[in-house]
Amino acid sequence: MPEPASRCVMAFDFGTRRIGVAVGQELLGSGQPVALIPARDGIPDWQQIESLLEEWHPDLVVVGLPLNMDDTENDMCARARKFGKRLHGRYHVPVEMVDERLTSFQAKGEVMAAGGSRDFGRHGVDDRAAVLILETWFGQQSGGAGA
């Protein structure tokens, strides 16, 4: 595995209807949205995920964990963990879970501030939320700086 600072990291914002994907270099500490993958009750098109993994060759994958505000877990946490385990099991990539509280809320705020569509049902923000998950993880690696 490469030195931590030069790792390519892919982030997933797991959802039952859409899964957002972002990628970034740990050295830069920032990510970019790369895909919105449709899901049917949380089950993605695994071929699309495989294609992204083959294209980007991430050294590590992070999956957002939507904890409740009081730090307790909910049904979506269990589903996100299961998704992370499937990623690891299918593609043998290291997977870490990241607290993603408020990332979708923050991503929607950024879209609205930029004058984007408020129809989040049709125009998802999951890929932007994945960027925020990725940048949260980067911030944790550098001791909290930058995030």
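Strands here are DSSP runs of E with at least two residues, and helices are runs of H or I with at least four, numbered from the N terminus. With that in hand, let's walk through this predicted model.

**Stop 1: the whole chain**

Start with everything shown as a cartoon. You should find 4 helices and 6 strands, and if you trace the chain from its start, they come in the pattern β-β-β-β-α-β-α-β-α-α. Switch on a surface and you are looking at about 7900 Å² of exposed area, with carbon and sulfur atoms supplying 51% of it. Of the 147 residues, 41% are buried. If you draw contacts between residues with a separation of 6 or more, 61% of them join residues 24 or more positions apart.

**Stop 2: the sheet**

Now select the strands alone. They make an open sheet of 6 strands in the order β4-β3-β2-β1-β5-β6, and the pairing is mixed. At the edges sit β4 (43-44) and β6 (95-99), each pairing on one side only. As background, strands of a sheet pair through backbone hydrogen bonds, either parallel or antiparallel. Which sense applies to β1 and β5? They pair in the parallel sense, over 4 bridges. To see one of the partnerships, pick Val9 and look across to Leu60 in β5.

**Stop 3: Val61**

Stay in β5, which covers residues 60-65, and select Val61. Is Val61 buried or exposed? Its relative accessibility is 0%, under the 20% cut-off, so Val61 counts as buried. Show what touches Val61, skipping neighbours within four places in sequence: Met10, Phe12, Leu53, Leu87, Val93, Pro94, Val95 and Glu96. Then try a distance from Val61 to Leu134: their C-alpha atoms are 9.2 Å apart, although 73 residues separate them along the chain.

**Stop 4: helices across the sheet**

Bring the helices back. Helix α2 lies across β1, β2, β4, β5 and β6, and runs at about 170 degrees to β5. Next, pick helix α4 (residues 126-141): this one lies across β1, β2, β3 (30-40), β5 and β6, at about 40 degrees to β2.

**Stop 5: two helices together**

Keep α2 on screen and add helix α1 (residues 46-56). Two packed helices are described by the angle between their axes and the distance between the axes. For α1 and α2 the angle is about 65 degrees and the axes are 12 Å apart, with a right-handed crossing. Show side chains to see who meets whom: Trp46, Ile49, Glu50 and Leu53 come from α1, while α2 brings Phe83, Arg86, Leu87, Arg90 and Tyr91.

**Stop 6: the aromatic rings**

Two of those residues, Phe83 and Tyr91, lead on to the last stop. Select Phe12, Phe14, Trp46, Phe83 and Tyr91, which form one aromatic cluster. How many aromatic pairs are there? The count is 5. Zoom in on Phe12 and Phe83: the ring centres are 5.5 Å apart and the planes meet at 70 degrees, so this pair is edge-to-face. Phe12 belongs to strand β1 (residues 8-13) and Phe83 to helix α2 (residues 75-91), so the pair links parts of the chain 71 residues apart. Both residues are buried.

Swing over to Phe14, which also pairs with Phe83. Here the rings are tilted, 5.3 Å centre to centre with 35 degrees between the planes. Phe14 lies in the loop between β1 and β2 (18-25), so its pairing with Phe83 in helix α2 ties together parts that are 69 residues apart in sequence. Phe14 is buried too, as is Phe83.

Definitions and conventions: Residues numbered from 1 in each chain as written. Predicted model: local features only at pLDDT ≥ 70, side-chain atom pairs only at ≥ 80, totals over all residues. Heavy atoms only, no water. Buried < 20%, exposed > 50% of the residue type's maximum accessible area, 1.4 Å probe, protein only. Contact = heavy atoms within 4.5 Å. Phe/Tyr/Trp six-rings, centres within 6.5 Å; stacked < 30°, edge-to-face > 60°. Areas by Shrake-Rupley, 256 points an atom, 1.4 Å probe, with all protein chains shown as cover. Pairing = 2+ DSSP bridges. Axes fitted to C-alpha atoms, helices over the stretch in contact; angles between N-to-C directions. Left-handed = near helix turned anticlockwise from the far one by under 90°.
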